[in-house]
Amino acid sequence: MGGVEPEITSARQAGHDPRVLAFGRLQGAANRLEYLLGRALERECGVTHLMYEVLLIVGRAGADGLTMRSIAQEQVLTTGGATRLVDRMESLGLVTRTASPRDRRVQLVRLTSLGEETTVRASRLHVENIEQFFFRPLPPEHHERFAEDLRTLSHFARDALPRLR
């Protein structure tokens, strides 16, 4: 990789292309880690990994709350999908929705005290599992660079996505 790779002319060649292999390994690792870490969050904290991610982004927004559109955009969901997810989270007592004081048509999502407690408890568990399954297999001198490279890839892909209307 890095040099000029030959044009793909067969399925066998495609299956051995280092770019295809690298992306497949990234996707495979992400899927396996999602399964391991997501199951732990569900088992120990009663939330899915996607719910946990929403708790984090709503928590980052603080008292101002976050719009449904922002949640959808951040998690690459449709606005309908974000609404259904927030409905489930609201029924669990993790978040509340209130009309924005600036625009009554816009709903702001905020953490409840249970949402705050769940985020803290889930984060403690999640950090332990991240250390065990994500960082421990890699040499310590690679951790910071690897995390930075993932941030770069994530931001590049996010910026390439079409914006929700």
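This text walks through a predicted model, taking its helices, contacts and salt bridges in turn.

We begin near the start of the chain. Asp 17 sits in the loop between helix H1 (11–16) and H2. Is Asp 17 buried or exposed? Its relative accessibility is 5%, and buried means under 20%, so Asp 17 counts as buried. Apart from neighbours within four places in sequence, Asp 17 is in contact with Glu 5 and Ile 8. The side chain of Asp 17 also takes part in a salt bridge with that of Arg 19, at 2.6 Å from N to O. The two partners are covered to unlike degrees: Asp 17 is buried at 5%, whereas Arg 19 is partly exposed because its relative accessibility is 41%.

Helix H2 comes next. It covers residues 18–45, and Phe 23 lies in it. Phe 23 counts as exposed because its relative accessibility is 52%, and the cut-off for exposed is over 50%. Which residues join Phe 23 in a nonpolar surface patch? They are Leu 26 and Leu 153, and the patch has an area of about 310 Å².

The next part of the picture concerns three helices, H3, H4 and H5. Helix H3 covers residues 49–61 and helix H5 covers residues 79–91; their axes come within 11 Å and cross at roughly 85 degrees. An angle from 65 to 115 degrees counts as roughly perpendicular, so H3 is roughly perpendicular to H5. On the H3 side the residues that meet H5 are Leu 50, Met 51, Val 54 and Leu 55. On the H5 side they are Leu 85, Arg 88 and Met 89.

Helix H4, residues 68–75, also packs against H5 in this model: the two axes come within 9 Å and cross at roughly 105 degrees. This angle falls in the range given above, and H4 and H5 are therefore roughly perpendicular to each other. Here Met 68, Ile 71 and Ala 72 of H4 meet Thr 79, Ala 82, Thr 83 and Val 86 of H5. Helix H5 thus has contacts with H3 through one set of residues, including Leu 85, and with H4 through another set, including Val 86.

One residue of H3 can be followed in detail. Ile 57 is found in this helix, and it counts as buried because its relative accessibility is 7%. What does Ile 57 touch, once neighbours within four places in sequence are left aside? Its contacts are Leu 66, Ile 71, Glu 74 and Gln 75. Ile 71 has already appeared above, as one of the H4 residues that meet H5. Thr 96 gives a reference point for distance: it is 39 residues from Ile 57 in sequence, and the two C-alpha atoms are 14 Å apart in space.

Salt bridges come up in several places along the chain. How many are there by the rule used here? The count comes to 8. Asp 87, Glu 90 and Arg 97 are linked in a network of salt bridges. Another pair is Arg 105 and Asp 103, whose side chains meet at 3.0 Å, N to O. Arg 105 is exposed because its relative accessible area is 74%, while Asp 103, at 25%, counts as partly exposed.

A further salt bridge joins the side chains of Asp 149 and Arg 145, at 2.8 Å from N to O. Both residues belong to helix H7 (residues 143–160), and because they are 4 residues apart in it, about one helical turn separates them. Asp 149 is partly exposed, with a relative accessible area of 32%. Arg 145 is exposed, with a value of 57%.

The last stop is Phe 134, found in helix H6, which covers residues 113–135. Phe 134 is partly exposed, with a relative accessible area of 24%. Leaving aside neighbours within four places in sequence, Phe 134 is in contact with Leu 33, Asn 129, Phe 146 and Leu 150. Where does Thr 118 lie relative to Phe 134? The two are 16 residues apart in sequence and 22 Å apart in space, C-alpha to C-alpha.

Notes:
Residues numbered from 1 in each chain as written. Predicted model: local features only at pLDDT ≥ 70, side-chain atom pairs only at ≥ 80, totals over all residues. Heavy atoms only, no water. Patch = residues over 30% accessible without salt bridge, like charges linked within 9 Å, V, L, I, M, F, W, Y side chains within 5 Å. Areas by Shrake-Rupley, 256 points an atom, 1.4 Å probe, with all protein chains shown as cover. Salt bridge = Lys/Arg side-chain N within 4 Å of Asp/Glu carboxyl O. Helix = DSSP H or I, 4+ residues; strand = E, 2+ residues; numbered from the N terminus. Buried < 20%, exposed > 50% of the residue type's maximum accessible area, 1.4 Å probe, protein only. Axes fitted to C-alpha atoms, helices over the stretch in contact; angles between N-to-C directions. Parallel < 35°, antiparallel > 145°, perpendicular 65-115°, else oblique. Contact = heavy atoms within 4.5 Å.
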